[in-house]
Amino acid sequence: MTYRQALKHGENALAEKQVPDAGIDAWYLLEYTLKQTGLPNAGRTWYLLHADEEIPEEILAQYRELLEKRGMRIPLQHLTGEQEFMGIPFLVNEHVLIPRQDTEILTEEALRILHPGMRVLDMCTGSGCMIISLAKLKPGIHASACDLSEKALEVARENDRRQQTGVRFFQGDLFETVEGAYDVIVSNPPYIPTATIETLMDEVRGHEPRMALDGREDGLYFYRRLAEESKAHLKPGGYLFLEIGSDQGEEVKNLLTQAGFCNVSIKKDLAGLDRVAAGKLG
């Protein structure tokens, strides 16, 4: 079997299992396999040069093993152990949400107002992708992050170590262990209603941490707490940025307004759906 035939086999195998974007995932898994088996520079160009050569049996065996796991709907990123966010590679596993492009919108909104010397807190940090990206792209800020899950914080600390961003981490239930006041707080909290979780795609429902998904009965539990509890940890004039579900804009806007935030706004994503709520304290 050639490399080209192996790739086609991978695409067909994933398509039979109704894996979304079967062709794309088949390629990423082949590329990952090649790099793991001693070909660190094996990208598209390498593949095109060697596509019609016979694939070694040991590489084919590893590739087939990964295809089988992907066919069981284990997320691609859990198999490769990595996901890019804001152009930065992040370690991911089953203890953290896989960083998503939607969250880049929140990160970009926060970047607009940040400048060196500002204190920034990422609440419900997960992999640390947001706070580490902020610290990497805006050198000179003082970055902190918090999560309830110690397993998630292990991942975040490793990502911080790899990127050398010097983030300070807290473990606790929202603000219970957080120290000091901040110029900016960002958060991508759990916001999916409990009953809706069972309707999500297999990769999310079966393999991502429920703690990071479950926003309780109406999905707004953590927004209520963040709107009230963040005020004790924001400096006067400080900003709160929240990722929100596509149908939660008005409700979260009302929660922030009722809590005393001003200039409350909703930012839409590229699909025209509500994605980020932002407000200024005082």
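Student: Which elements do the buried residues of H6 pack against?

Tutor: This is a predicted model, with local features needing pLDDT of at least 70 and side-chain atom pairs pLDDT 80 or more, while totals for chains, interfaces and linings use all residues. Residues are numbered from 1 along each chain as its sequence is written, and side-chain values use heavy atoms, without hydrogens and water. Helix H6 (residues 101–113; helices are DSSP runs of H or I with at least four residues, strands are E runs of at least two, numbered from the N terminus) has as its buried residues (under 20% relative accessible area, against over 50% for exposed and in between for partly exposed, with a 1.4 Å probe and protein chains only) Thr103, Glu104, Ile105, Leu106, Thr107, Glu109, Ala110 and Leu111. Their packing partners, by contact of heavy atoms within 4.5 Å, are S1 (82–85), H7 (129–137), S6 (182–187), S7 (234–243), S8 (261–268) and S9 (274–281).

Student: Is H1 roughly parallel or oblique to H2?

Tutor: Helix H1 (residues 3–16) and helix H2 (residues 22–36) have axes 8 Å apart at an angle of about 130 degrees, on a scale from 0 to 180 degrees between N-to-C directions of lines fitted to C-alpha atoms over the stretch in contact. Angles under 35 degrees are roughly parallel, over 145 roughly antiparallel, 65 to 115 roughly perpendicular and the rest oblique, which means that H1 is to H2 oblique.

Student: With which residue does the Asp202 side chain make a polar contact?

Tutor: Asp202, in helix H10 (residues 202–207), is partly exposed at 32% relative accessible area. For a polar contact, N or O atoms lie within 3.5 Å, within protein one able to donate a hydrogen and the other to accept it, and sequence neighbours count only if both atoms are side-chain atoms. At 2.6 Å, the partner side chain is that of Arg205.
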